Amino acid sequence: MRDLFDMLLSKDNPIGRYRNRAHGYFTFPKLEGELGSQMSFNRKKVIMWSLNDYLGLANHQEVRQIDADSTAKFGLAYPMGSRMMSGNTEFHEQLEHNLSEFVNKEDTLLLNFGYQGMVSIIDSLCSRHDIIIYDAESHACIIDGLRLHTGHRFVFKHNDIIDLEKQLDRAKKLLKTRQNGGVLVITEGVFGMAGDQGKLREIVKLKEKYPFRLLVDDAHGFGTLGVNGAGTGEEQGVQQDIDLYFSTFVKSMASLGAFVSGDKVIIDFIRYTLRSQIFAKSLPISFVIGNIKRLELIKSNPKLKDKLWENAITLQNGLRERGFDIGVTNSVITPVYMKGGIAEATAMLKDLRESYGIFCSVVVYPVIPKDTIIYRLIPTANHSTTDILNTLNAFTKVKVKLDTGQYKQTDIPNMVEMA
């Protein structure tokens, strides 16, 4: 018998393969200063493109004040216990009511965390008799929820409605042999890597032919899309046809927590079966009160979303005009696609940070195919025209260096001592 830890450490971990050289710089970087469009990294001022603070609420004066006041009044422990046992308050119920009105659903359940919540929702909804059909590029929280599912699960090609219908046909035929069993389709409002919206309108249309329920993870759409900011369902005019609408507070709301909304009868069922909430401490009241304020600002100040989109369009148009490939994004998420390996990507990323003061996230193999680099830029309402122009100029310069082979190297640099 071998030692468990020895076996774990002997495995090839693609993400952690370079940890001895990358930790603290390429991975687990330490950002300092107030959250905003400019922060400090490695003792240098950088333009920040890696924060999901879409509407700039993290340092909004009214938000900071309500966070401070509620924490001073209640502390971070109140309420103690799970919602079901001793952790319920009028504020929790008020936030649920306000969210239901905002996303046009009958009822809402607050969740402590988005990742944990989605995993548990899938487990709560589906038994071994049911079939889950999901988009191939679903977020990790959906994939991990599927791992708990003991029934069949079918995947459809990303945003491919023809393939989705094929999977629905498979499910329909399989369920003819069973007395009990239903179908849950899961997709996203906005896919966080490429920035493209899920084809909710087309998916909903299939309900005319197939009996299924639809669960949408709209973490990136909530607050950024729709006339009122109520998300991708509102943007595409199908919010009423989404059976369960899920989102988090960690992006547009710049806070902690998540929620799921739908018909009262099914939300009540989830409320009494969701293990991640039944067996976990209630969301602290200071966060709840802060989230009530954040939602109020989203509803009462549409200029926040307008400014976000003004910046996103300026950034995206600027990149296209300079010949960059930003894919099929139709959200504020802005991916920049380039060709190169991990060594070139890290050399270019280091140059962006050290020479040009640009901090953004990079994605390489094994997350995406080999010899592909994706820089993921997240515009916010706080970015200035100067921030955008400096970033466009920096990307133009590093692209020339990449194309002329100036970032060619055999391995990633050792950044541990530097960081």
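**Figure 1. The largest cavity in the predicted model.** The largest cavity has a volume of about 50 Å³. The structure is a predicted model. By the rule used here, the count comes to one cavity of 30 Å³ or more. The residues that line the largest cavity are Gly36, Ser37, Met48, Leu51, Asp53, Thr380, Asn382 and His383. Sorted by class, this lining has two nonpolar, five polar and one charged residues.

**Figure 2. The second largest pocket.** This pocket holds about 300 Å³ of space. Two elements, β7 (183-188) and α10 (264-271), give two or more residues to its lining. The lining of the second largest pocket includes Val183 and Leu184, and also Val265 and Ile266. Leu125, Cys126, Asp130, Gly182, Arg213, Asp243, Leu244 and Asp263 line the pocket as well. The lining divides into seven nonpolar, one polar and four charged residues.

**Figure 3. Val185 and the nonpolar cores.** The largest nonpolar core has 53 residues. Those that touch the most other members are Ile133, Leu164, Leu168, Val183, Val185, Phe212 and Phe222. Which residues does Val185 contact, leaving aside its neighbours within four places in sequence? They are Ile133, Leu164, Leu168, Ile203, Phe212, Arg213, Leu214 and Leu215. Apart from the largest core lies another core, of 37 residues, with Leu319, Ile326, Leu352 and Ile388 among them.

**Figure 4. Helix α15 and the residue turn after it.** Helix α15 covers residues 385-403, which is 19 residues. At 1.5 Å a residue the helix should span 27 Å, and its end C-alpha atoms are 27 Å apart, so the two values agree. The buried residues of α15 are Asp387, Ile388, Thr391, Leu392, Ala394, Phe395, Val398 and Leu402. An α-helix has 3.6 residues a turn, so residues three or four places apart point the same way. One of the buried residues, Ile388, is also among the members of the 37-residue core. Just after α15, Gly405 has a positive phi of about 80°.

**Figure 5. The cis peptide bond at Pro79.** Tyr78 and Pro79 are joined by a cis peptide bond, with omega of about -5°. Pro79 sits in the loop between α3 (61-74) and α4 (90-102).

**Figure 6. Positive phi at Arg43 and Asn159.** Arg43 is a residue other than glycine, yet its phi is positive, near 70°. Arg43 belongs to the loop between β2 (38-41) and β3 (44-48). Asn159 is not a glycine either, and its phi is positive at about 55°. Asn159 lies in the loop between β6 (152-156) and α7 (161-175). Is each residue buried or exposed? Arg43 has a relative accessible area of 66%, so Arg43 is exposed. Asn159 has a relative accessible area of 9%, so Asn159 is buried.

**Figure 7. Asn104 and Tyr245.** Asn104 is found in the loop between α4 and β4 (107-111). Asn104 counts as exposed because its relative accessibility is 54%, and the cut-off for exposed is over 50%. Along the chain, Asn104 and Tyr245 are 141 residues apart. How far apart are the C-alpha atoms of Asn104 and Tyr245? They are separated by 9.8 Å.

Definitions and conventions: Residues are numbered from 1 along each chain as its sequence is written. This is a predicted model: local features need pLDDT of at least 70, side-chain atom pairs count only at pLDDT 80 or more; totals for chains, interfaces and linings use all residues. Side-chain values use heavy atoms; hydrogens and water are left out. On a 1 Å grid over the protein atoms alone, a cavity is a set of points where a 1.4 Å probe fits but cannot get out, and a pocket is an open set with protein on both sides within 12 Å along at least five of seven lines; lining residues have an atom within 4 Å of a point. Grid points are joined across faces, edges and corners, and a volume is the space filled by probe spheres set on the points. Helices (H or I, at least four residues) and strands (E, at least two) are DSSP runs, numbered from the N terminus. Ala, Val, Leu, Ile, Met, Phe, Trp, Tyr, Cys and Pro count as nonpolar, Asp, Glu, Lys and Arg as charged, and the others, Gly among them, as polar. A nonpolar core is a set of buried Ala, Val, Leu, Ile, Met, Phe, Trp, Tyr and Cys residues joined through side-chain atoms within 4.5 Å. Buried means under 20% relative accessible area, exposed over 50%, partly exposed in between (1.4 Å probe, protein chains only). Contact means heavy atoms within 4.5 Å. The expected span of a helix is 1.5 Å times one less than its number of residues.
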